[in-house]
Amino acid sequence: MIGTALCKNSIKAMLLGSGELGKEVAIELQRYGIEVIAVDRYANAPAMHIAHRSHVIDMMDSAALKSVIAQESPNIIIPELEAINTQVLVEVESFGVKVVPNAKATQLTMNREGIRRLAANTLGLLTSRFFFCDSKKEMEKAITTIGFPCVIKPIMSSSGHGQTVVKSELQFDAAWEVSQEDARGGKGRIIVEDFIEFDYEITLLTVSAVDGIHFCEPIGHRQEDGDYRESWQPQQMTNELIQISREMATKVVKSLGGFGVFGVEMFIKGDQVYFSEVSPRPHDTGMVTLISQDKSEFALHVRAILGFPVGSILQYGHSASAVLLADGHSVNIGFEGVREALLEAGTQLRLFAKPEINGQRRLGVALALSDNTQSALDKAKRVAEQVKVIF
Ligand SMILES: Nc1ncnc2c1ncn2[C@@H]1O[C@H](COP(=O)(O)OP(=O)(O)OP(=O)(O)O)[C@@H](O)[C@H]1O
Ligand SMILES: NCC(=O)N[C@@H]1O[C@H](COP(=O)([O-])[O-])[C@@H](O)[C@H]1O
Ligand SMILES: [Mg+2]
């Protein structure tokens, strides 16, 4: 029984997506004796290294996804990324399988149109101005209204794929091409939105659990090409801004429903908080919580999913994470400088052991605790820079 007692062999959880975030979720599930089935598009994905069993399938393929779910009969399905056929999740949920946080939320959030319309139109939250377009012509018309700079993104994409900040007409062709080439599942609809010149951006990790809504301290982060490079916690904010952010996050999380961690992304400009998007699962910038809190975002996710109370969240102080990003092509990835990196006090290193690299890929993360944000960031970056990826 979820939330009351755990019996040996009673709960089987299936992770859809088995990257670095899923690996930590798998570890936390296993701390409670849960059987873990890891699924992803490639073999030897990080969470597969420690799962009880694993399967390699295209999770966008309805038949393949249904077949693996039928074969394993999990009690809980935990989406870990966005490239999933969410219609299948809706179906299996109707047969009684628990989908985290629920199938509707996974559907709404994997499509920028779903979550943006919910936030801006239904919940009335402040967002950048936006238009959805189906052709280059429509895109050009939308940009005429929005002005420069603006941001173009496929409605189906993550980690900055297919995203361009458009500053002049000269970029129209390239921005459209990139949005079509790098969209998940191929060509399609895009969003054109105002570029917000924010003071800083945050992820507000919000946990919805049996004992209510809980917040982690806000996480600040720096992005490059739509992908995160460093994050830190706590991000300094006024009490008023924290209050507005929490109210916004509560509205979004309650409206999506279900239990789990939600990474609510927001832009802060002056005394205004813009809602950007939300992940109904742990967030990459939240990897900092592996060092900054007594319960990481992964531990919190698992508690909430299993129907256990979160209780309290103890934050240890100024913390940071810096990603270990590599560029190249190899199926034999090695690391040098680990010994030297580990000499830095108050730090930790996670190497994900991804089996191959084809272009740019995040292969690890450095974590640090210190007595102020800058020092934590410097430490984390020093550790990440010390480790050299060798092919
Ligand atoms: N309208 C905007 N104004 C200013 N910056 C933006 C805007 N939209 C996106 N960005 C920048 O690009 C980053 C990535 O954007 P977004 O989160 O929408 O992309 P994503 O592909 O969903 O990334 P992820 O999956 O990692 O969350 C943001 O964190 C922010 O730094
Ligand atoms: N912003 C989303 C995010 O960080 N997702 C994390 O990255 C993995 C994919 O990495 P890969 O592209 O190297 O396979 C995902 O499986 C998830 O853990
Ligand atoms: Mg984002």
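**Entry 1: the annotated span**

I began with the record: the unreviewed UniProt entry carries the annotation "domain: ATP-grasp", and this covers residues 117-306. I kept in mind throughout that the model is a predicted one. For residues 117-306 I looked up the distance between the end C-alpha atoms, which is 30 Å. By content, the span is 31% helix and 33% strand.

**Entry 2: the parallel sheet**

Next I turned to the sheet that contains β1. It is an open sheet of five strands, in the order β3-β2-β1-β4-β5, and the pairing is parallel. β3 and β5 are the edge strands, each pairing on one side only.

A reminder to myself on how such sheets hold together: strands pair through backbone hydrogen bonds, either parallel or antiparallel.

I then asked myself: is strand β1 largely enclosed by the rest of the structure or not, and why? β1 takes in residues 12-16, and four of these five residues are buried, so the strand is largely enclosed by the rest of the structure. The cut-off behind that word is 20 or more other C-beta atoms within 10 Å.

I went through the partners of β1 one by one. With β2 (residues 35-40), β1 pairs in the parallel sense over five bridges. The chain gets from β1 to β2 through helix α1 (residues 20-31), and this β-α-β crossover is right-handed. Looking across from β1 to β2, I found Lys12 opposite Glu35. With β4 (residues 76-79), β1 pairs over four bridges, again in the parallel sense. Here Met14 stands opposite Ile77 of β4.

Moving outward, I checked β2 against β3 (53-56): four bridges, parallel. Val39 has His55 in β3 as its bridge partner.

**Entry 3: around ligand 2**

Which residues come closest to ligand 2? I counted 13 residues around this ligand, the closest being Gly17, Gly19, Leu21, Ser159 and Asp284. Helix α1, which I had just met in the crossover from β1 to β2, turns up again here. α1 and β19 (357-369) each supply at least two residues of the shell, and α1 gives the most, with three.

By class, I noted two nonpolar, five polar and six charged residues around ligand 2. I also wanted its place among the domains. Domain 1 (12-99) and domain 3 (200-390) both contribute residues to the shell, so ligand 2 lies between them.

**Entry 4: around ligand 1**

I did the same for ligand 1. There are 19 residues around it, and those that come nearest are Ser128, Ser158, Ile196, Gln223 and Gly226. The strands β7 (150-154), β9 (190-194) and β15 (272-279) each provide at least two residues of this shell. Sorted by class, the shell of ligand 1 has three nonpolar, nine polar and seven charged residues.

Between which domains does ligand 1 lie? Domain 2 (129-194) and domain 3 (200-390) both give residues to its shell, so the ligand lies between these two.

**Entry 5: cis peptide bonds**

I looked at two prolines. Val100 and Pro101 are joined by a cis peptide bond, with omega about -10 degrees. Pro101 sits in the loop between β5 (98-99) and α4 (103-109). The bond from Gln233 to Pro234 is cis as well, and its omega is near 0 degrees. I placed Pro234 in the loop that connects β13 (227-233) and α8 (239-256).

**Entry 6: positive phi**

Two residues other than glycine caught my eye for a positive phi. For Asn44 the value is near 65 degrees, and the residue belongs to the loop between β2 and β3. Asn44 has 14 C-beta neighbours inside 10 Å, so I put it down as partly exposed. For Asp225, phi is near 50 degrees. Asp225 is found in the loop between β12 (219-224) and β13. I noted Asp225 as exposed because 12 other C-beta atoms lie within 10 Å.

**Entry 7: Val92**

Last, I looked up Val92, which is in helix α3 (residues 86-94). I listed Val92 as partly exposed because it has 19 other C-beta atoms within 10 Å; the buried class asks for 20 or more. Val92 and Ala103 are eleven residues apart along the chain, and 8.9 Å separates their C-alpha atoms.

Definitions and conventions:
Residues are numbered from 1 along each chain as its sequence is written. Chains are lettered from A and ligands numbered from 1 in the order in which they are written. This is a predicted model: local features need pLDDT of at least 70, side-chain atom pairs count only at pLDDT 80 or more; totals for chains, interfaces and linings use all residues. Two strands pair if DSSP finds at least two bridges between them. A crossover is right-handed if, with the strands pointing away from the viewer, the path from the first strand over the helix to the second runs clockwise. A residue is near a molecule or strand if its C-beta atom, placed from the backbone, lies within 6 Å of it. Ala, Val, Leu, Ile, Met, Phe, Trp, Tyr, Cys and Pro count as nonpolar, Asp, Glu, Lys and Arg as charged, and the others, Gly among them, as polar. Domain bounds come from an automatic or database domain assignment. UniProt positions are given in the numbering used here, feature names are shortened, and annotations may be inferred rather than shown by experiment.
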